[in-house]
Amino acid sequence: MAPADRFRFPDLLGEATADIGSRPGRLVTTIVGTVLGIAALIATIGLAQTAAGQIARQFDANAATQLVVGPRTANTGGGATIAAGALPWDAVSRLERLAGIESAAVLAEVQLPEAVVTAVPVNDPSRPPSAPPPIYAASAELLDTVGGRLATGRFFDAGHDGRADRVAVLGIRAAERLGLQRVDTQPSVFIDGIAYAVLGVVGSADVRAELLNAVIVPTETARADFRLAAPGDVQARIAIGAGPQLRNQAALALAPDDPESLEVRAPDGRSELGRDVQADVNGVFLVLAVIVLLAGGVGIANVTMLSVMERVGEIGLRRAIGATGRQIAGQFVAESVVIGLLGGLIGAALGVFAVVVISVVRDWTPVVDPRVAVGGALLGAVVGLVAGGLPAHRAARIEPVDALRGGT
Amino acid sequence: MSDPATLPLPTTAPAIELRDVTRSFPGPPEVQALKGASVSVADGEYVSITGPSGSGKSTMLNILGLLDRPTVGEYRLGGVLTGVLDEDDRAAVRARHLGFVFQAFHLMSRRTALQNVLLPMLYNGTPRAEREPRAREALERVGLGHRTDFLPGTLSGGERQRVAVARAVASRPRVLLADEPTGNLDSARSAEIMNLFEELHADGLTLVVITHDEEVARRASRRIRLADGRVSEAG
């Protein structure tokens with residue numbers, strides 16, 4: 001006959017948990033250390049996460065991934081500002097070699113103050129004068145770089161640019177002003193009387209929203225038709241966090257002979273403030289939390305030891321009716337694991353609550369990784385496991401003969 | 001399957017057989033609590049062991065109950081030599097074949113009568129589904145079917161000892177060992193317990209009652225005396 005159901009796991013669990021709630025006062029004193037330790041740990045990690053989330057929220061993802069390089073300007077004696085340097089025409093290929101650059105495009109505003117931009121090839125002298133839309137020369141990567149989306153049609157490509165094709169893409173508001181709604185009829189716009197085929201309309205852009213008001217033509221076209229001297233600036237989309245390093249590298253890549261002549265506007269990396277806050281929170285409180293948690297473990301060990309001493313009679317009885325030493329030890333370990341888990345659960349709940357309260361007071365958004373809360377509860381169980389070891393060993397070595405003489 | 005704990009004990013052998021058992025406690029001075037004791041108890045016998053304090057009664061009980069080992073000599077329980085068993089096997093044999101009743105009852109104060117009676121069945125392999133019916137049956141057997149959910153603190157001394165007896169017999173042991181079972185009870189309660197023992201004996205249970213009370217000892221069908229660690233049969 002197989003020894004069926006001889007102190008299986010459910011029995012162990014039942015015996016380990018049967019008496020835990022019978023003395024609530026003692027239970028509280030047993031778990032208070034664990035509760036405080038786990039709560040402090042969870043609150044510390046939670047506050048660090050909250051602070052990091054707070055900083056991340058302040059930092060605008062679009063601004064953090066854009067880098068702009070332009071010529072440095074200098075004041076002339078007469079009070080006007082002139083560009084002190086110039087970007088090379090191959091700025092895009094120079095920048096794209098740098099790590100952290102995801103996409104780059106040159107962009108220049110074409111200065112044609114007297115230009116007439118119209119969708120009909122008729123010079124109507126009676127037409128009321130209106131400011132022409134700004135005209136930008138750009139390379140084909142512009143759309144990707146500024147996060148633009150087309151409302152209709154397509155953007156020009158490197159081929160158009162290389163051949164200096166007379167093509168243009170309109171910003172959506174420029175298209176409205178010019179009365180163009182669709183591109184499948186192959187409309188043209190006339191800039192100073194020259195026809196440019198409209199390929200598409202840009203509906204929106206994450207950055208450089210002024211493009212939506214503008215007529216955009218390829219850079220080579222602008223060089224040929226409007227004698228564009230140099231790119232105005234280079235716009236690049238970069239990886240998050242690459243800003244500080246690219247700030248140093250971009251100018252060198254674009255103007256190795258005179259990097260000082262260029263001005264690079266790149267986002268800072270993660271905020272220094274944020275790093276400081278996190279370092280402070282983590283360092284001091286983690287140490288405190290671990291100390292409290294150790295004290296909690298010692299507390300569990302003490303009370304479990306006390307409980308073993310008090311229950312010598314029970315242990316003797318269990319041995320007499322057939323419990324092995326291991327079963328006795330298992331029962332006490334399981335009991336302290338359950339107590340530790342209970343402390344961990346309460347502590348994790350308190351810790352999360354503390355993070356929420358502090359966040360509300362500070363007007364922050366509380367951020368707690370659920371894995372941290374679950375891990376905190378489990379850590380309590382581990383503390384119980386470690387703390388229960390010695391008392392359980394002691395309990396297993398109690399001689400039933402002596403124990404049964406002891407009474408109760 | 002060579003695990004002695006799981007083998008049914010052969011029924012032809014005596015329930016208990018002690019052969020020249022000596023138990024000495026290292027000194028100084030060395031004390032011999034039992035000196036060459038030989039006792040044989042047949043299946044279904046009702047035996048009392050008496051003797052003044054210090055005569056070796058408790059040592060005898062501990063050895064019979066596999067809670068202690070003889071220094072010299074052999075102890076066979078149901079024909080199985082116990083000296084070769086390791087501690088885990090001895091625990092298993094205790095769980096399956098022995099029931100204990102103590103002077104101090106040793107009931108768990110925060111558990112109900114029923115839960116106390118269930119306790120030994122955790123360790124002796126009673127299938128989970130059978131445990132509670134058996135425990136209720138045992139409580140009925142000792143006349144406490146109406147007290148199953150009472151805590152020991154709310155029961156009288158006699159009732160507590162009856163719960164302890166129910167706990168000892170619920171796991172259907174081969175031998176019931178009682179150590180001063182009436183030591184904490186008045187004479188009326190003692191009589192109740194002794195009547196209960198006689199009923200259990202009539203049902204075929206092997207009983208060994210250790211007592212210093214002549215009144216209790218006379219109820220047994222066979223009496224063994226211990227004096228200064230030596231065994232003698234008494235009429």
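**Helix pairs and domains in chains A and B**

α3(B) and α4(B) are oblique to each other, because their axes meet at about 125 degrees. That is where I'll start today. A quick warning: this is a predicted model.

Let's stay with that pair. Helix α4 of chain B covers residues 128-141. The axes of α3(B) and α4(B) lie 9 Å apart. Why call the pair oblique? An angle over 145 degrees would count as roughly antiparallel, and 65 to 115 as roughly perpendicular, so about 125 falls into the rest. The crossing of α3(B) over α4(B) is right-handed.

Who touches whom? From α3(B), the contact uses B:A113, B:L114, B:V117, B:L118, B:M121 and B:L122. From α4(B) come B:R131, B:E132, B:R134, B:A135, B:R136, B:A138 and B:L139. Sort them by class. You get nine nonpolar, no polar and four charged residues.

Now keep α3(B) and change its partner. Helix α3 of chain B spans residues 113-123, and helix α5 of chain B spans residues 157-170. Their axes come within 8 Å and cross at roughly 30 degrees. That makes α3(B) roughly parallel to α5(B). This crossing is right-handed.

The contact residues in α3(B) are B:A113, B:N116, B:V117, B:P120 and B:M121. In α5(B) they meet B:V163, B:A166, B:R167 and B:A170. By class, that contact has seven nonpolar, one polar and one charged residues. Look back at the lists. B:A113, B:V117 and B:M121 of α3(B) appear in the contact with α4(B), and they appear in the contact with α5(B) as well.

Over to chain A. How is chain A divided into domains? Domain 1 has two pieces, 11-58 and 272-405. Domain 2 is 62-265. How far apart are the C-alpha centres of the two domains of chain A? They lie 62 Å apart.

Next, the UniProt record. This is an unreviewed entry, so its annotations may be inferred rather than shown by experiment. It places "domain: ABC3 transporter permease C-terminal" at residues 287-400 of chain A. In the model, that stretch is 87% helix and 0% strand. Its end C-alpha atoms are 43 Å apart.

The record also gives "transmembrane region" for residues 27-48, 284-309, 336-360 and 372-390 of chain A. Take two of them. Residues 27-48 of chain A are 100% helix and 0% strand, with end C-alpha atoms 31 Å apart. Residues 336-360 of chain A are 100% helix and 0% strand too, and there the end C-alpha atoms lie 35 Å apart.

Last pair. Helix α12 of chain A covers residues 325-362, and helix α13 of chain A covers residues 370-396. They pack at about 150 degrees, with their axes 6 Å apart. α12(A) and α13(A) are therefore roughly antiparallel to each other. Their crossing is right-handed. The contact has 16 nonpolar, eight polar and no charged residues.

That's the tour. Questions, please.

Key:
Residues numbered from 1 in each chain as written. Chains lettered and ligands numbered in written order. Predicted model: local features only at pLDDT ≥ 70, side-chain atom pairs only at ≥ 80, totals over all residues. Heavy atoms only, no water. Axes fitted to C-alpha atoms, helices over the stretch in contact; angles between N-to-C directions. Helix = DSSP H or I, 4+ residues; strand = E, 2+ residues; numbered from the N terminus. Parallel < 35°, antiparallel > 145°, perpendicular 65-115°, else oblique. Left-handed = near helix turned anticlockwise from the far one by under 90°. Contact = heavy atoms within 4.5 Å. Nonpolar A, V, L, I, M, F, W, Y, C, P; charged D, E, K, R; others polar. Domains from an automatic or database assignment.
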